[in-house]
Amino acid sequence: MNELKLIGRVGKDPEIRTIGNGTMAKLSTVTNYRYKNRNGEKMEETEWTDCVVFGPLAEVFSKYVHKGDLIYVSGRKKTNIVDGNDGSKKYYVSLIVDNMEMLGSPNRDSHPLYRDWE
């Protein structure tokens with residue numbers, strides 16, 4: 001099974017393109033993982049994920065999704081391999097979105113995901 005689910009903030013307004021007879025939207029989401037290390041210190045890891053949306057859902061993104069919004073997205077992981085100028089291979093991973101829910105506005109304090117934690 002190839003399924004990826006994320007809850008995160010939108011990094012910038014979606015880029016909208018017309019392809020063929022349809023629409024495509026590209027955006028990045030940022031997710032955070034918070035934990036305490038062995039010494040009890042608060043640690044945080046930040047991960048950026050490129051998302052690609054096609055068809056009618058891309059049009060929804062273009063109208064309603066903006067930088068800073070908290071969203072839930074799910075879909076499948078897609079890896080593209082590109083040959084670099086130095087002969088090396090570069091791997092780009094993205095989420096092909098097939099489901100989305102809006103969870104909140106840019107007010108970070110309104111969602112428990114971003115509240116201070118003990």
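The protein chain in front of you holds one helix and six strands. What you are looking at is a predicted model. Trace the chain along its sequence and you will meet the pattern β-β-β-β-α-β-β.

Let's begin with strand β1, which covers residues 4–10. This strand runs antiparallel to strand β5 (residues 70–83), and six bridges join the two. To find one matching spot, look for I7, which stands opposite Y72 in β5. Strand β1 also pairs with strand β3, residues 22–36, again in the antiparallel sense, this time over two bridges. Here R9 is a good guide, since its bridge partner in β3 is V30. As you look along strands, keep a general idea in mind: in a regular strand, side chains alternate between the two faces of the sheet.

Now turn to helix α1, made of residues 56–64. V60 lies in this helix. Is V60 buried, exposed or partly exposed? Its relative accessibility is 32%, and because buried means under 20% and exposed means over 50%, V60 counts as partly exposed. Together with Y64 and M102, V60 makes a nonpolar surface patch of about 280 Å².

Finally, step back and take in the whole chain. Of its 118 residues, 31% are buried. The accessible surface comes to about 8,200 Å², and carbon and sulfur atoms account for 47% of that area. How much of the contacts with a separation of 6 or more comes from residues 24 or more positions apart? In this protein chain, such residues account for 60% of those contacts.

Terms used
Residues are numbered from 1 along each chain as its sequence is written. This is a predicted model: local features need pLDDT of at least 70, side-chain atom pairs count only at pLDDT 80 or more; totals for chains, interfaces and linings use all residues. Side-chain values use heavy atoms; hydrogens and water are left out. Patches are made of residues with over 30% relative accessible area and no salt bridge: like charges are joined within 9 Å, nonpolar side chains (Val, Leu, Ile, Met, Phe, Trp, Tyr) within 5 Å. Accessible areas come from the Shrake-Rupley method with a 1.4 Å probe; for residues, only the protein chains shown count as cover. A salt bridge is a side-chain nitrogen of Lys or Arg within 4 Å of a carboxyl oxygen of Asp or Glu. Helices (H or I, at least four residues) and strands (E, at least two) are DSSP runs, numbered from the N terminus. Buried means under 20% relative accessible area, exposed over 50%, partly exposed in between (1.4 Å probe, protein chains only). Contact means heavy atoms within 4.5 Å. Two strands pair if DSSP finds at least two bridges between them.
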